[in-house]
Amino acid sequence: MSANYSAVGGQPSPYASGQPHYEESSGFITPHPTTKRTSNWVKIGVPVLILVIIGAIIGGVLGSRAANKSSDDGSSTGSSTSGSSGQAAGSQAASIKLEVGRFATATNSEYMIPVYPSTTNTAAFTSPTFVNNNALAWPKDTFQPSSPNVLKTRTDRPTLIAPAYKWHALPALIQADPYLKGWNDTIFGNATTYYALPPVKYNYDGSSGILDNSREIKMRIKAFAYTYRMTNDTKWQGVTQLTTSVGWWSNDGIEGNWNCVCNSGLTLGSLAILDDDTTGVAKQLLGLTVPNALKNCAQAVSDDGTWAETANYWYFGTTAHAEMSSALLTATGSDYGLLDTNSNFDKTGKFHMYVAGATSLFNYGDHGPNKFSTTANSMLYYGDKYAQPQYVLFQREQYDAAEPWSMFWYNPTISGAFWDGLALDQFFDNELDQWASMRSSWTDPEALYVAVKAGKNQNHQTHNDLDVGDFVLDALGTRWAGELGSGDYNSPGYFNSDAQDAERWKYYRKMTEGQNTLLINQANQNVAAAPTVQHDTSGTKQGSSTVLDIPSDSTAWWSADITSAYFDA
């Protein structure tokens with residue numbers, strides 16, 4: 001099904017509405033009639049207890065769990081299955097992937113999340129791995145410069161993200177992989193839809209500039225360019241390459257999505273025209289953007305993998321980071337440290353998986369503008385580059401996976417199910433965010449999901465709320481405790497400061513009263529709050545089946561002393 005954005009058709013913009021349809025990007029699997037099964041858990045116990053004694057304690061307890069237990073933290077399941085038996089299992093799963101098809105049978109049209117079949121047939125639901133099968137793999141890139149230079153690009157074309165050798169191999173891989181085939185069909189459908197639309201109407205949105213315009217144009221250009229390259233039909237020619245990067249990209253200390261977005265746009269634009277630029281501007285910019293991104297963009301991930309702004313701004317930051325590093329790698333032979341200068345960047349895929357609940361994200365803080373071309377497909381890129389197959393397996397089921405970057409970032413040797421061996425609980429302890437994710441299943445549409453946070457009320461690039469103690473709750477296919485999301489970005493003083501007396505904290509969606517947490521004397525929380533947390537879990541992991549046999553002793557808890565967030569506690 002092609003993308004549908006009401007703002008494109010001239011209807012009122014859903015900007016900052018909080019609707020999940022406008023928080024993500026395009027494409028989903030048309031739902032098929034399914035038989036509703038009885039929930040695997042009968043009794044839900046989720047005491048979220050808030051006590052103010054010496055401190056305020058927040059506890060989240062999950063009483064229903066999956067069958068397989070383990071004592072580790074459930075981070076990566078590894079880049080390959082160990083031993084000959086593991087390779088055999090991976091090869092078997094790969095050989096039947098066309099017969100099995102895509103794991104998700106539909107997309108929930110309300111929350112836009114994948115719907116998995118209720119089955120104990122685990123033939124393809126093996127441990128995440130990349131199998132050693134040349135018939136399924138991309139050819140090796142012959143462009144391997146011994147001394148990569150950001151000012152020396154490959155001689156063949158295209159240079160950025162999708163080099164010629166991948167275009168040549170793509171048709172055969174599409175026929176061998178149900179995900180590539182489905183995405184290809186969706187991209188063609190989207191291109192046809194976009195072609196019939198009127199040109200994007202220019203709209204200057206105050207301090208946000210033309211972000212929506214830029215991302216919508218980028219979304220269309222990518223679909224048109226892909227379709228032209230695959231068909232050689234000149235109908236799709238005539239589109240214009242767009243590079244817009246404005247603002248404070250050159251400043252140090254801005255470790256967030258805006259630095260990534262600006263540096264990435266300037267880098268891709270400069271690489272694209274480098275050999276034809278007689279002004280020297282492209283060379284000059286490449287001498288600035290790469291080192292600046294290393295100092296700032298690449299540092300936006302905390303040591304536990306959490307994106308330092310919000311769960312939604314992770315999309316904008318990682319899309320830009322992945323595009324920039326991928327373009328540098330394909331065009332010049334190196335990412336110049338963008339992937340590894342922050343030794344914890346490989347953990348950010350885990351953050352994204354655990355911040356995704358049974359219905360939607362733990363979407364604290366600002367949600368950002370419409371995403372359009374911004375997706376979570378950096379997961380496909382990171383999964384391949386960091387040898388984290390579960391990232392790839394998780395993202396390939398999502399409805400925003402169907403777009404051109406996926407066709408080149410996806411490693412088709414992937415095999416297995418992301419949930420096999422994946423811990424149900426995860427705790428993120430960096431003091432900037434301090435949050436927990438607890439659930440009863442990765443595949444049950446009616447699963448219980450609780451996410452709760454403490455963390456600091458400052459240093460999130462002015463995208464956070466005064467929300468120490470905030471939580472969300474999913475159960476029985478519904479979000480019972482949710483978030484209000486962004487306010488109006490054009491409101492006076494919305495982004496000016498995160499100080500105690502900032503205008504931002506006078507808006508209901510940003511003040512403490514607008515959050516799922518304690519409100520004392522109708523006063524906002526202290527921006528200098530420094531909460532502490534404790535937690536534990538039985539370490540339960542989901543097995544290969546999507547149907548869970550829940551043990552009675554599976555549990556998790558998380559508590560926070562949030563006294564410092566209140567002036568009168």
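Is alanine 176 buried, partly exposed or exposed, and what is its relative accessible area? The views below address this residue and others in a predicted model, in which local features need pLDDT of at least 70, side-chain atom pairs count only at pLDDT 80 or more, and totals for chains, interfaces and linings use all residues. Residues are numbered from 1 along each chain as its sequence is written, and side-chain values use heavy atoms, with hydrogens and water left out.

**View 1. Alanine 176 in helix α3 (residues 164-176).** With a relative accessible area of 21%, alanine 176 is partly exposed; this class lies between buried (under 20%) and exposed (over 50%), for a 1.4 Å probe and protein chains only. Its C-alpha lies 8.9 Å from that of proline 412, although 236 residues separate the two in sequence. Helices are DSSP runs (H or I, at least four residues), numbered from the N terminus.

**View 2. Asparagine 259 in helix α6 (residues 257-273).** Asparagine 259 counts as buried because its relative accessibility is 0%. Its side chain forms a polar contact of 2.9 Å with the side chain of asparagine 263. A polar atom of the asparagine 259 side chain also lies 3.1 Å from the backbone nitrogen of cysteine 297. A polar contact is a pair of N or O atoms within 3.5 Å; within protein, one must be able to donate a hydrogen and the other to accept it, and residues adjacent in sequence count only if both atoms are side-chain atoms.

**View 3. Helix α8 (residues 313-332) and the glycine just after it.** The end C-alpha atoms of α8 are 28 Å apart, in agreement with the 28 Å expected for 20 residues at 1.5 Å a residue; the expected span is 1.5 Å times one less than the number of residues. Of these 20 residues, 19 are buried. Just after α8, glycine 333 adopts a positive phi of about 95°.

Notes. Helix = DSSP H or I, 4+ residues; strand = E, 2+ residues; numbered from the N terminus.
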